[in-house]
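Trainee: Could we go through this structure together, starting with the sheet and then moving on to the interior?

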Amino acid sequence: MDTVADVLTEAFHEDPVSAWVFPGEERRPAALTIFHRAIVRGTLAAGGHVDVTDDLSAAVLWTPSGEEDTDDDAFAGLTGEEIGRLAAVFESMTEHAPGGEYHHALFIGVRRSAQRQGIGARLMRHGLDRNGAVPAYLEASGPESAKLYRRLGFRDHGPAFAVEGGPPMLPMWREP
């Protein structure tokens with residue numbers, strides 16, 4: 001769990017949504033680590049999957065139909081402002097999530113030193129193959145990640161959305 005949280009923390013340090021939720025540059029690594037540990041636990045508790053590469057340079061968290069099982073205690077150590085921003089982001093994501101059965105690629109992260117080598121795409125394909133005949137859904141948090149997901153067969157699933165004052169997220173859907 002610590003390794004997965006570390007990979008995601010490194011990968012999401014400059015992510016626009018992460019930077020909005022955790023605006024303090026110096027505080028962000030600690031806050032992201034608390035957050036990602038909680039999300040990994042919630043993913044597993046909901047019956048989801050945590051996929052990692054053999055060299056532990058990348059991780060993907062998959063939840064069934066976007067469900068996760070995270071309690072408030074899991075975020076102990078985050079400030080009230082950070083928790084408020086997280087709650088707003090999660091509420092918006094839930095509002096825009098599709099209905100029915102699907103697998104949600106909640107977080108896809110690759111260590112900076114391993115980015116742009118196709119590692120994330122290979123790990124995503126592994127999860128997509130395992131999920132078989134069930135559609136996949138995710139929210140792209142930037143144009144570069146949206147390009148990768150389109151190469152993997154994802155298509156825009158409605159307009160981008162954002163919480164007030166936050167950066168946009170683009171919902172994307174992939175049929176098997």
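Mentor: Let us begin with one residue pair: Asp156 stands opposite Met172 in strand 6. Helices (H or I, at least four residues) and strands (E, at least two) are DSSP runs, numbered from the N terminus, and residues are numbered from 1 along each chain as its sequence is written. This is a predicted model, where local features need pLDDT of at least 70, side-chain atom pairs count only at pLDDT 80 or more, and totals for chains, interfaces and linings use all residues.

Trainee: How many bridges join strand 5 to strand 6?

Mentor: Two bridges join them, and the strands run antiparallel; two strands pair if DSSP finds at least two bridges between them.

Trainee: And what order do the strands of the open sheet have?

Mentor: The six strands follow the order 1-2-3-4-6-5 with mixed pairing, and the edge strands, each pairing on one side only, are strand 1 (49-52) and strand 5 (155-156).

Trainee: Switching topic, which residues have the most contacts inside the largest nonpolar core?

Mentor: They are Phe22, Leu61, Val89 and Phe107, in a core of 29 residues. Such a core is a set of buried (under 20% relative accessible area, 1.4 Å probe, protein chains only) Ala, Val, Leu, Ile, Met, Phe, Trp, Tyr and Cys residues joined through side-chain atoms within 4.5 Å.

Trainee: Which helix gives the largest share of this core?

Mentor: Helix 3 does, with seven residues.

Trainee: How confident is the predictor in the chain?

Mentor: The protein chain averages a pLDDT (the predictor's confidence in each residue, from 0 to 100) of 94, and 98% of the residues score at least 70.

Conventions:
Heavy atoms only, no water. Buried < 20%, exposed > 50% of the residue type's maximum accessible area, 1.4 Å probe, protein only.
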